Structure formats: C-alpha cells, structure tokens
Amino acid sequence: MSTVDPALLGAYQTAEYVVLDDPPIVFQIGVEHQGLSLLLLSFGAESACFLTAWNPRSEVLSADENLDRQMRLLALIETERLNYFVGRGESSDGTWAEDSYLIFDLDRKTAMQWARTFEQNAWVWVPGVGPAELVITEY
C-alpha cells in the first residue's frame, strides 16, 4: 500500500479536475456532476478515469520531462484505441496544475497499473453515475 502525505491527499481531494470540452467541465471529488455523466453517456462509456503522467510521486519535473511522460501515456491510450479528452488537474488555490487525460472505459485494474507505471500517488475514478472518487495508487 502506498503512503501519501496527508497534505497531498487533502490537495487532491479539494482540487478541480477540468475536462477541456466546449464548454469545459469542471468537477471535484465526491461531487456528482451531471455534465460529466452526460459526457460519458454520449460516448456510451460506463466509466472513465482521470490520469496524468506528470511529476511522479509529486517530484516536480521539467516541462520537457513532463511532456515526454504525458506523450507516453497518450501512446498507451491510443494503442488501446480508447476515447479520451485532454484535461487538467488544478489546486483549489491555483498554485498547481498538471495536464491529464479523461480516459473512457479503461477498467479500474488497468487504470491502477497505468498509475503505477507513471508513478502517480493517486488518480480519479469516474463512474457513469455518481460522484468521482480519488483512488490511492497501490504499490
């Protein structure tokens, strides 16, 4: 089991998760968002995950390193032929943001594996109906 700093967990819980649609969809952990549910429904998706490859285990990397990691994640998404939207996780105080992807119909087990591959402390599970859930990555 992963041990994540409680302050980081608090930041993840209060962050805003932005799906770059037109208009953007902004959702939070534990709060059901009708627009997000409708987006999944419009793609025939039963669920989605919100995942980044940025800053492994919260170690701040350069923009180039983060871009390279994010492109590797995108290659996995495209290899699996999954629908996705570009997104961004943002701290509630605006001091932090990471590029992310909302990935449709990636099962929880595979999402956990991808989170481990990219050394993420946590990621977001989005059910077809109901609130988004913060998932701590198991190592």
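## Glu90 and its salt bridge

Let's start with Glu90: at 19% relative accessibility it counts as buried, because the cut-off for that label is anything under 20%. All of this comes from a predicted model, by the way. Glu90 pairs up with Arg88 in a salt bridge, and the closest N and O atoms of the two are 2.4 Å apart. Arg88 has a relative accessible area of 26%, so this partner counts as partly exposed.

Arg88 also turns up in another neighbourhood: Phe50 has Arg88 among its contacts. More on Phe50 further down.

## The other two salt bridges

How many salt bridges are there by the rule used here? The count comes to 3. As general background, side chains of opposite charge can pair when their charged atoms come close.

One of them joins Asp68 to Arg72, with 3.8 Å between the closest N and O atoms. That distance makes the list because the rule asks for a side-chain nitrogen of Lys or Arg within 4 Å of a carboxyl oxygen of Asp or Glu. Why are Asp68 and Arg72 separated by about one helical turn? Because they sit 4 residues apart in helix H3. Both ends are partly exposed, Asp68 at 46% relative accessibility and Arg72 with a relative accessible area of 43%.

Another salt bridge brings together the side chains of Glu133 and Arg108, at 3.1 Å from N to O. This pair ties distant parts of the chain to each other: Glu133 belongs to strand S7 (residues 133-136), Arg108 to helix H4 (residues 108-117), and 25 residues separate them. Glu133 comes out as partly exposed at 35% relative accessibility, and Arg108 gets the partly exposed label too, at 33%.

## Charge layout

Zooming out to charges in the whole chain, there are 8 positive and 21 negative ones. Take the mean position of each set, and the two points lie 8 Å apart.

## Phe50 and its surroundings

Phe50 is part of strand S3. Buried or exposed, as relative accessibility goes? Phe50 counts as buried, at 3%.

What does Phe50 touch, once its neighbours within four places in sequence are left aside? The contacts include Tyr17, Val18 and Val19, and among them are also Gly87, Arg88 and Gly89. Ser100, Tyr101 and Leu102 are on the list as well, and so are Phe27, Trp123 and Val124. For a distance check, take Phe118, which is 68 residues away from Phe50 along the chain: the C-alpha atoms of Phe50 and Phe118 are separated by 13 Å.

## Backbone oddities

Most residues other than glycine have a negative phi, and most peptide bonds are trans. A few spots here are worth a look with that in mind. The peptide bond from Asp22 to Pro23 is cis, with omega near 5°. Pro23 sits in the loop that runs between strand S1 (16-19) and strand S2 (25-27).

Then there are positive phi values outside glycine. Ser58 has phi near 65°, and its place is the loop between strand S3 (47-51) and helix H3 (63-79). With a relative accessible area of 31%, Ser58 is partly exposed. Arg81 has a positive phi too, of about 55°. Where is Arg81 found? In the loop between H3 and strand S4 (84-90). Arg81 counts as exposed, at 75% relative accessibility.

## The chain as a whole

The chain has 4 helices and 7 strands. Going along the sequence, the order is α-β-β-α-β-α-β-β-α-β-β. Of the contacts with a separation of 6 or more, 59% come from residues 24 or more positions apart.

As for overall dimensions, the C-alpha trace spans about 35 × 35 × 30 Å along its principal axes. A compact globule of 139 residues would have a radius of gyration near 14 Å, and the chain has 14 Å, so the two agree. Buried residues make up 46% of the 139. The accessible surface comes to about 7,400 Å², and carbon and sulfur atoms own 52% of that area.

Definitions and conventions: Residues are numbered from 1 along each chain as its sequence is written. This is a predicted model: local features need pLDDT of at least 70, side-chain atom pairs count only at pLDDT 80 or more; totals for chains, interfaces and linings use all residues. Side-chain values use heavy atoms; hydrogens and water are left out. Helices (H or I, at least four residues) and strands (E, at least two) are DSSP runs, numbered from the N terminus. The radius of gyration is taken over C-alpha atoms; the globule rule is 2.2 Å times the number of residues to the power 0.38. Buried means under 20% relative accessible area, exposed over 50%, partly exposed in between (1.4 Å probe, protein chains only). Contact means heavy atoms within 4.5 Å. Accessible areas come from the Shrake-Rupley method with a 1.4 Å probe; for residues, only the protein chains shown count as cover. Lys and Arg count as positive and Asp and Glu as negative; His and the chain ends are not counted. The place of a charge is taken as NZ of Lys, CZ of Arg, CG of Asp or CD of Glu.
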